[in-house]
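Open the model in a viewer and keep the sequence panel visible. The stops below are given in the order in which to select them.

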Amino acid sequence: CLIHASAGGTGQLMVQMAKILGANVIGSCSPSKADVALSLGLDYCIDYSDIEAKVKEITKGRGVDVVYDGVGATTWEASLNSLRPRGMAVFF
């Protein structure tokens with residue numbers, strides 16, 4: 001799954017819950033917060049530049065099953081383009 005703002009309050013909780021459930025987690029956050037996000041167990045930490053390409057590279061072109069996006073306008077399109085066919089996007 002892809003979790004945006006993975007170093008924020010909601011993002012931290014979502015990362016931990018996803019890892020407990022056994023998910024492979026890609027988290028996006030600003031570079032200054034990458035250490036916090038990685039300490040939660042992220043499998044991959046990416047910044048907000050070229051999200052779609054990075055996700056496709058990590059997933060070998062497949063895309064993620066689900067995206068959790070609490071950021072909004074700046075990540076909306078990249079979130080949708082990072083999904084596998086028939087994947088699910090959750091915007092909050």
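Contact here means heavy atoms within 4.5 Å. This is a predicted model, in which local features need pLDDT of at least 70 and side-chain atom pairs count only at pLDDT 80 or more, while totals for chains, interfaces and linings use all residues. Residues are numbered from 1 along each chain as its sequence is written, and side-chain values use heavy atoms, with hydrogens and water left out.

**Stop 1: cysteine 1**

Select cysteine 1, which lies in the segment before strand 1 (2–3). Helices (H or I, at least four residues) and strands (E, at least two) are DSSP runs, numbered from the N terminus. Is cysteine 1 buried or exposed? Cysteine 1 counts as buried, because its relative accessibility is 14%; buried means under 20% relative accessible area, exposed over 50%, and partly exposed in between (1.4 Å probe, protein chains only).

Now show what surrounds this residue. Leaving aside neighbours within four places in sequence, cysteine 1 is in contact with Ala18, Ala23, Asn24, Val25, Ile26, Val64, Val66 and Tyr68. For a long-range check, draw a C-alpha to C-alpha distance from cysteine 1 to glycine 87: the two are 86 residues apart in sequence and 9.9 Å apart in space.

**Stop 2: the nonpolar cores**

A nonpolar core is a set of buried Ala, Val, Leu, Ile, Met, Phe, Trp, Tyr and Cys residues joined through side-chain atoms within 4.5 Å. Which residues have the most contacts inside the largest nonpolar core? They are Cys1, Ile3, Val15 and Val25, in a core of 13 residues. Helix 1 and helix 2 are the elements that give two or more residues to this core, and the largest share, 3 residues, comes from helix 1.

Apart from this core lies another, of 9 residues, with Ile46, Ile51, Val55 and Val67 among them.

**Stop 3: isoleucine 51 and serine 82**

From the second core, select isoleucine 51, placed in helix 3 (residues 51–58). Isoleucine 51 has a relative accessible area of 4% and is therefore buried. Beyond its neighbours within four places in sequence, isoleucine 51 is in contact with Leu2, His4, Ile46, Thr75, Ala78 and Ser82. Between isoleucine 51 and proline 31, 20 residues apart along the chain, the C-alpha separation is 13 Å.

Move on to serine 82, found in the loop between helix 4 (76–81) and strand 5. With a relative accessible area of 0%, serine 82 is buried. Its contacts, again leaving aside neighbours within four places in sequence, are Leu2, Ile51, Glu52, Val55, Lys56, Gly63 and Val64.

**Stop 4: the salt bridges**

A salt bridge is a side-chain nitrogen of Lys or Arg within 4 Å of a carboxyl oxygen of Asp or Glu. How many does the structure hold? There are 4 salt bridges.

Start with lysine 19 and aspartate 43, whose side chains meet at 2.8 Å, N to O. This pair links distant parts of the chain, 24 residues apart: lysine 19 is in helix 1 (residues 9–20), and aspartate 43 is in the loop between helix 2 (34–39) and strand 3 (44–46). Lysine 19 is partly exposed at 27% relative accessible area, as is aspartate 43 at 33%.

Next, select aspartate 47 and lysine 54, which form a salt bridge with an N to O distance of 2.4 Å. Aspartate 47 is partly exposed at 26% relative accessibility, and lysine 54 is partly exposed at 24%.

Then take aspartate 65 and arginine 84, where the closest N and O atoms of the salt bridge are 2.6 Å apart. Here too distant parts of the chain are linked, with aspartate 65 in strand 4 and arginine 84 in strand 5 (residues 83–91), 19 residues apart. Aspartate 65 counts as partly exposed at 38% relative accessibility, and arginine 84 does so at 26%. Add Arg62 to the selection: Arg62, Asp65 and Arg84 are linked in a network of salt bridges.

**Stop 5: the largest pocket**

On a 1 Å grid over the protein atoms alone, a pocket is an open set of points where a 1.4 Å probe fits, with protein on both sides within 12 Å along at least five of seven lines; lining residues have an atom within 4 Å of a point. The largest pocket has a volume of about 200 Å³, the volume being the space filled by probe spheres set on the points, which are joined across faces, edges and corners.

To display the lining, select Cys1, Asn24, Val25, Ile26, Tyr44, Ile58, Thr59, Arg62, Gly63, Val64, Asp65 and Val66. Strand 4 (residues 64–69) gives the largest share of the lining, 3 residues.
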